[in-house]
Number of protein chains: 2
Amino acid sequence: MEEKSISDIIEKYLKSILADDEKVEIRRAEIANHFDVVPSQINYVIKTRFTLQNGYLVQSKRGGGGYIRIERVNLIDDVDVLDMLINTIGQSLTENDAFTIVQTLYAEKVISQREGDLMLAALSKETLSVSARQDADRLRARVLVAFLNRLRYES
Amino acid sequence: MEEKSISDIIEKYLKSILADDEKVEIRRAEIANHFDVVPSQINYVIKTRFTLQNGYLVQSKRGGGGYIRIERVNLIDDVDVLDMLINTIGQSLTENDAFTIVQTLYAEKVISQREGDLMLAALSKETLSVSARQDADRLRARVLVAFLNRLRYES
DNA sequence: AAGATTAAGGTCAATATTAGTCAGAGATGG
DNA sequence: CCATCTCTGACTAATATTGACCTTAATCTT
């Protein structure tokens, strides 16, 4: 909960904008300068905190007049986005990535906290580590996709 | 009840904070330094005194701005139904038996219908049939036990 | 129009900063 | 003396930060 690292602070700043608007467009160097970090740290923040699994789409353009645009998307209601997410999950999924996705579902009020906790219980390393880690990751992908499809048909 | 060991003292310190607040967030090295012990002893204290059975949830993050967070949770009153069901399950569980147990949970009002549907999505033959049927049955037992254990408390 | 220059953002690997694990040494109580 | 609890430190793992080098796009020069 505490924002201890600069990355956390930048994340919070961007999300505070995204709380009001559905998307935000930044100039990387500007943000980097404002928070006194190297520009590539902005990429790090985006890569670790604004993934599709987190519920965000990111587009960018280089060269003169370049930008980075972050857009909040709805994982379940938007069929295309959900398909993209399932596609991203693919055949294998780590515990961390699963955790991120469930958190996003909760943040978007798609599921209750209790439902999320139950999902995480099923997706946890401890529960699924019945064999090799790779098997567990494959299984985790299947279980989470099953959850997502279940949610899809309800909404 | 004298506090003989440093571990006891650290435990008491953390619990005195948790008496006021629902959760406490520490930096491991800081606490270790304050009580003049090696950092890993903090892990020892947490592992032996802040277990889920004792009513505590622990989360942590490594790297810059890392932390350890301890949260008090409420253990639910009647774990009788859960214990009984866990005993019934054992090492292996068919889809039909899983279905029956989830129905029982719903009938006993331990879970909502939606929660039951999500559970069944994870427990279904289709989701778990990643290998031989016997492996799937074993896995199903683990997943359902994980669900039941998660229902023991509320955060 | 072609090439040069400028103005963005992207990638990756090295380093820094935390916390986690585990085996064994040390202490304590029966 | 044995069992169990406590404590330590070497090694591991995860996350954050930085900077050198790369790619892309727009604009300027000729």
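A polar contact here is a pair of N or O atoms within 3.5 Å; within protein, one atom must be able to donate a hydrogen and the other to accept it, and residues adjacent in sequence count only if both atoms are side-chain atoms. With that in hand, A:Ser60 has a polar side-chain atom 2.9 Å from a phosphate oxygen of DNA strand C.

Some housekeeping first. This is a predicted model, where local features need pLDDT of at least 70 and side-chain atom pairs count only at pLDDT 80 or more, while totals for chains, interfaces and linings use all residues. Residues are numbered from 1 along each chain as its sequence is written, chains are lettered from A and ligands numbered from 1 in the order in which they are written, and side-chain values use heavy atoms, with hydrogens and water left out.

**DNA strand C**

Let's start with the strand that A:Ser60 touches. A residue counts as near a strand if one of its heavy atoms lies within 4 Å of it, and 28 residues surround DNA strand C. The closest are A:Arg28, A:Asn43, B:Arg28, B:Asn43 and B:Gly63. Of the strand C atoms that come within 4 Å of the protein, sugar and phosphate make up 65%.

Helices (H or I, at least four residues) and strands (E, at least two) are DSSP runs, numbered from the N terminus. In chain A, α2 (28-34), α3 (39-49), β2 (56-61) and β3 (67-72) each give at least two residues to the surface near DNA strand C, and the elements with those names and ranges in chain B do so too. For residue classes, Ala, Val, Leu, Ile, Met, Phe, Trp, Tyr, Cys and Pro count as nonpolar, Asp, Glu, Lys and Arg as charged, and the others, Gly among them, as polar. On that scheme, the surface near strand C has six nonpolar, 13 polar and nine charged residues.

**DNA strand D**

Around DNA strand D there are 27 residues, with A:Ser7, A:Gln41, A:Tyr44, B:Ser7 and B:Gln41 coming nearest. Here 67% of the strand atoms within 4 Å of the protein belong to sugar or phosphate, and the rest to bases. In both chain A and chain B, α1 (6-20) and α3 each supply at least two residues of this surface. Its residues split into eight nonpolar, 13 polar and six charged.

Here are some of the protein-DNA contacts:

| Protein atom | DNA atom | Distance |
|---|---|---|
| B:Asn43, side-chain N or O | strand C, phosphate oxygen | 2.5 Å |
| B:Ser60, polar side-chain atom | strand C, phosphate oxygen | 2.9 Å |
| A:Ser40, side-chain N or O | strand D, base oxygen | 2.5 Å |
| A:Gly63, polar backbone atom | strand D, base oxygen | 3.3 Å |
| B:Gln41, polar side-chain atom | strand D, phosphate oxygen | 2.3 Å |

**Where the chains meet**

Now for the protein-protein side. With contact meaning heavy atoms within 4.5 Å, chain B and chain A each bring 29 residues. Buried area is the accessible area (1.4 Å probe) that two parts lose on being put together, summed over both; for these chains that is about 2,600 Å², 59% of it from carbon and sulfur atoms. B:Arg114, B:Leu118 and B:Arg142 supply 23% of what chain B buries against chain A, more than any other three residues.

A salt bridge is a side-chain nitrogen of Lys or Arg within 4 Å of a carboxyl oxygen of Asp or Glu. Five of them cross this interface, and A:Arg150 pairs with B:Asp117 in a salt bridge at 3.3 Å, N to O. On chain B's side, β1 (23-26), α6 (113-123), α7 (125-128) and α8 (133-150) each give two or more residues, and α6(B) gives the most, with seven.
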